[in-house]
Amino acid sequence: MTYIAKPKLHHPSLVKNKAGYTRRDYEGAVSTLCAGCGHDSISAAIIQACYELDILPHQVAKLSGIGCSSKAPTYFVGASHGFNTVHGRMPSVMTGANLANRDLIYMGVSGDGDSASIGLGQFAHIMRRGVNMTYIVMNNGVYGLTKGQFSATADKGSISKKGVANSDESIDLVSLAILMGATFVGRSFSGDKHQLVPLIKAAMAHKGAAFLDVVSPCVAFNNHAGSTKSYDYVREHNEALNRIDFIEGREEITTQYAPGTMTTVQQHDGSWLRLRKLGEEYDPADKIAAMKRVQEGLQAGEVVTGLLYVDPTPKDLHHHLNTVEAPLNTLSTPDLCPGPAALDKINASLR
Amino acid sequence: MPQALTAVNDFVVKFANVNGSGSASANELFARAILRMGVPVSPRNIFPSNIQGLPTWYEVRVTEKSYLGRRGGVDMMVAMNPQTWAEDVKEIEPGGYLFYDSTKPMPASAFREDINIVGVPLTAITNATYTDARQRQLFKNIIYVGALSILLDIDPEEIKKLFGEQFKGKEKLLDSNVKALNLGRDWATQHIEPGTVKLKVKRANNVGNRIFVEGNNAAALGAVYGGATVCAWYPITPSSSLAEAFQSHCKRLRHDKESGKAKYAIVQAEDELASIGIVIGAGWNGSRAFTSTSGPGISLMTEFIGLASFAEVPAVLVNVQRGGPSTGMPTRTQQSDLLSCAYASNGDTKHVLLFPEDPKECFDFTADALDLADRLQTPVFVMTDLDIGMNHRLCEPFVWDEKRVYDRGKVITADDLDAGKTFGRYLDVDGDGIPFRTYPGTHPSKGSYFTRGTTKDEFARYSEEGAVYVRNMERLQKKFHTAARIAPQPLRYSSPKATRFGVIYFGSTSPAMAEALDHLEEAGNHVNALRVRAFPFAQAVEDFIHEHDRVFVVEQNRDGQLRSMIMNDFTLDARKLVPVLHYDGTPITARFIATDIAKKLAQFKVVPFEKAAS
């Protein structure tokens with residue numbers, strides 16, 4: 001989007017968050033994606049979310065696969081380590097990274113080709129393992145870097161820029177994530193910052209496998225009439241179930257709302273999610289209902305957005321493995337090596 | 001009467017069984033009892049890719065001289081599987097012995113005239129004593145061990161002691177096993193003429209303080225001692241027992257005493273791609289991590305191996321090799337993944353390989369590999385195989401230096417960064433090709449970088465500029481040369497007489513080679529030997545080749561893969577390297593090596609260089 005690097009000098013009037021950083025401290029390198037790319041809006045939303053959450057920038061680890069979306073981690077939180085892995089296999093690398101150091105905040109960024117086509121297997125397995133992470137798919141239904149081929153999330157019947165209709169059934173990653181055991185699942189639209197930023201914040205605060213499918217139109221190859229991932233199409237068909245406010249801290253929300261217009265959910269870390277209902281009655285803690293509503297939306301050609309499913313008390317992979325509280329990468333020789341005396345005993349047992 | 005093979009502490013007994021019949025533990029008991037009498041044994045499982053029903057064999061070489069390689073040939077066959085009867089009987093050496101279940105009469109045509117037949121009505125004895133079907137099956141095995149102990153002079157007290165250790169606290173099981181043992185012993189004493197079998201075990205003192213262990217178990221223990229905290233794996237024969245052993249060692253050795261929590265994480269991944277991905281993620285984030293697999297797993301991991309090499313992330317892979325290509329021979333042994341590991345992935349890639357010779361080196365090299373991977377920031381392969389991995393092998397006890405501290409390599413800390421130390425992720429500061437790295441989360445404003453599989457400059461910035469690319473590739477080459485210096489060095493064994501001939505070998509060929517060298521020497525064929533223990537090759541390998549007119553390269557694969565790698569690395573006349581290849585899936589034998597080398601030597605001694613090599 002911005003081709004001219006903004007000066008790094010911070011204006012004194014920039015507001016610092018509780019961690020002592022300004023919003024600009026969460027920026028990354030200048031984007032090399034196309035002007036108007038939805039992915040840049042998502043990067044901007046991630047920057048905003050990290051700033052608002054008062055995260056220490058270096059406590060984030062950003063991982064991605066291959067593709068336009070996977071280039072995005074370069075464009076946010078430049079003070080953190082990033083890992084651009086191989087196509088479709090970011091989930092396994094993120095799993096390993098998370099096992100090594102449970103204290104960092106893991107942000108996985110992927111695309112629809114990366115997660116739904118080549119990487120569908122790893123996508124499914126990271127969800128079912130419950131890796132504590134925020135996994136964002138920047139979903140444009142198309143291969144951008146290789147110029148416009150359909151991905152596996154392209155809707156059946158949607159028309160490519162070259163005029164070809166997609167005859168394959170599309171893969172709905174939201175449905176799959178819920179089915180595979182993700183404990184926080186939402187969908188949003190790159191063009192709806194007000195919905196997206198709080199969703200990212202809530203996902204990052206979630207201590208389990210959090211997945212966000214963000215529809216992100218490809219201005220170069222999938223923003224034409226006949227596409228179901230264009231700005232116009234998504235704006236027209238966006239069926240937002242809720243908008244959430246993310247509230248840190250453990251205090252009960254006291255503001256009164258008219259009955260039936262608001263639901264609150266407290267996550268395990270003490271944060272509150274305040275859901276303002278936009279349409280029908282919808283309880284995001286009800287997994288079966290969530291799956292039903294998502295399927296109905298697909299049937300009706302709607303892009304159902306909002307917080308679709310949340311388990312407020314998730315268990316993550318470290319819980320399952322019963323690992324020590326200290327990050328495994330901080331354990332040293334005395335912590336890990338049983339020593340020669342134990343080895344002598346083992347030798348004796350092998351004679 | 002046929003002649004009767006006579007030997008003390010030097011013979012081969014082979015058990016032919018049905019998979020899943022509980023024979024494995026009885027056969028192992030047999031081998032261990034001999035070992036406890038101070039006589040070295042070398043047992044090998046020969047098993048099918050099957051859980052129940054197919055034929056399986058267990059071959060025990062009794063060898064006072066500690067020749068632990070496979071000998072070849074069978075002096076006594078314990079034929080418990082009607083399915084394989086004909087081929088089992090055929091395999092017995094003339095004058096050897098056939099031990100069989102004589103409950104049902106067999107036609108004379110089922111036997112051979114040049115072997116000695118020992119029939120014990122095992123089924124009849126079992127059925128007369130036990131009613132439960134499973135008991136009948138299990139105790140039949142113990143009964144034959146009992147009978148064999150009489151025939152071969154195996155001390156029953158040693159067997160009883162082994163029962164005592166195995167069934168500690170389960171007195172009932174102990175008693176019933178002793179009873180079954182005695183059933184076999186009593187029948188044999190009463191019905192078989194003493195001296196019928198002239199193969200005897202005589203108490204000796206040749207085992208010393210050596211241990212008896214499988215390579216997979218040893219490598220797993222090496223991973224515990226070497227500080228691995230993350231293990232990701234996918235089940236594949238013959239490596240599965242390695243990850244499982246790591247789990248059981250960790251359960252005993254790696255739980256926090258106070259909290260009871262685990263100081264390790266093991267993930268059985270969805271496939272080998274995910275296994276190596278998890279290892280790389282953990283390595284990138286500063287944990288020591290490893291995976292265990294076999295050839296087909298390496299094929300799947302190849303793309304990731306390239307990433308780890310080019311992005312310079314530590315990773316350890318234990319490859320328990322089996323017969324290839326493709327699914328190949330899953331339960332047979334080979335050394336046929338050298339090329340696929342050494343050059344795994346697209347582009348100009350080369351990787352560090354270590355070649356352990358036995359379980360002791362599986363332990364040492366796995367622990368060392370974790371240090372080497374950190375120091376070199378690259379994947380390191382421990383190239384074991386089914387022969388070492390899944391068989392109990394007598395070897396030197398494990399040793400660990402109390403003062404040893406894990407060498408985490410070149411890692412820049414927050415303090416270093418605050419002190420103003422320059423950090424270029426791919427900058428060669430020390431001239432050894434190895435750059436410094438930071439772990440994610442090190443410092444709020446300094447030291448972060450982007451790890452990628454694309455080309456980058458010294459400061460990890462994306463670049464496709466030719467000169468930048470070449471600089472990086474040259475540095476990686478330099479790093480590879482550093483690896484040759486710090487990896488395990490080759491070991492040389494010199495013939496007592498000066499000779500123009502040498503032999504290079506590696507890995508599981510080692511025990512057969514040691515024995516073959518003795519045979520060759522006895523026959524007046526003097527050969528110097530060099531055991532290669534790592535790739536990239538140390539300078540000593542090239543020097544050794546230049547010292548000799550001809551160098552035999554002994555390998556368990558068809559294509560002479562190590563030979564190809566040597567030719568790739570050094571400038572030399574390819575005809576100097578003479579392949580000696582065994583690759584039918586069985587472990588290489590001393591007989592094969594000595595015969596093949598002697599034959600070729602005879603040619604070289606009379607025929608001029610050009611002709612012999614052509």
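Q: Two residues are in contact if their C-beta atoms, placed from the backbone, lie within 7 Å. Which helices and which strand of chain B are among what covers the buried residues of helix 6 of chain B?
A: The model is a predicted one. In it, the buried residues of helix 6 of chain B are Asn177(B), Ala180(B), Leu181(B), Leu183(B), Gly184(B), Arg185(B) and Ala188(B). Their cover includes helix 3 (122–129), helix 4 (133–152), helix 5 (156–166) and strand 7 (116–120) of chain B.

Q: How far does helix 6 of chain B reach from its first C-alpha to its last?
A: Helix 6 of chain B runs over residues 171–191, which makes 21 residues. At 1.5 Å a residue, 30 Å is expected. The reach is close to that value: 30 Å.

Q: How far apart are the end C-alpha atoms of helix 10 of chain B?
A: Helix 10 of chain B covers residues 295–311, 17 in number, so at 1.5 Å a residue it should span 24 Å. The distance between its end C-alpha atoms agrees with this: 23 Å.

Q: On which residue is the kink in helix 10 of chain B centred?
A: The kink is about 55°. Its central residue is listed among the buried residues of the helix, which also include Ile298(B), Phe304(B) and Ile305(B). Just after the helix, Glu312(B) takes a positive phi of about 65°. The kink itself is centred on Met301(B).

Q: Which strands of chain B are among what covers the buried residues of helix 10 of chain B?
A: Helices take part in the cover, including helix 9 (272–284) and helix 11 (338–342) of chain B. Strands do too. Among them are strand 12 (289–293), strand 13 (315–321), strand 15 (379–385) and strand 17.

Q: Which strands of chain B are the edge strands of the open sheet of 7 strands?
A: The order in this sheet is 11-10-12-13-15-14-21, with mixed pairing. Each edge strand pairs on one side only. They are strand 11 (265–268) and strand 21 (534–535).

Q: Which residue in strand 13 of chain B is the bridge partner of Ser292(B)?
A: Strands 12 and 13 of chain B run parallel and are joined by 4 bridges. In strand 13, the partner of Ser292(B) is Val318(B).

Q: Which element gives the largest share of the side of chain A that touches chain B?
A: In all, 48 residues of chain A are in contact with 55 residues of chain B. Elements of chain A that each supply at least two residues to this side include strand 2 (81–84), helix 5 (120–129) and helix 12 (339–349). The largest share is 8 residues, from helix 3 of chain A.

Q: Which residue of strand 17 of chain B stands opposite Gly82(A)?
A: Strand 2 of chain A and strand 17 (residues 450–452) of chain B pair in the parallel sense. There are 3 bridges between them. Opposite Gly82(A) stands Phe450(B).

Q: Which helix gives the most to the largest nonpolar core?
A: This core has 269 residues, and Val230(B), Leu353(B), Leu354(B) and Ile593(B) touch the most other members. Beyond four places in sequence, the contacts of Leu353(B) include Leu338(B), Phe381(B) and Ala534(B). The most, 11 residues, comes from helix 4 of chain B.

Q: Is Asp114(B) buried or exposed?
A: Asp114(B) is found in the loop between strand 6 (92–101) and strand 7 of chain B. A residue counts as exposed if 12 or fewer other C-beta atoms lie within 10 Å of its own. Asp114(B) has 12, so it is exposed.

Note on methods
Residues are numbered from 1 along each chain as its sequence is written. Chains are lettered from A and ligands numbered from 1 in the order in which they are written. This is a predicted model: local features need pLDDT of at least 70, side-chain atom pairs count only at pLDDT 80 or more; totals for chains, interfaces and linings use all residues. The expected span of a helix is 1.5 Å times one less than its number of residues. A residue is buried if 20 or more other C-beta atoms lie within 10 Å of its own, exposed if 12 or fewer, and partly exposed in between; C-beta atoms are placed from the backbone. Two strands pair if DSSP finds at least two bridges between them. The bend at a residue is the angle between axes fitted to the seven residues ending there and the seven starting there. A nonpolar core is a set of buried Ala, Val, Leu, Ile, Met, Phe, Trp, Tyr and Cys residues joined through C-beta atoms within 7 Å.
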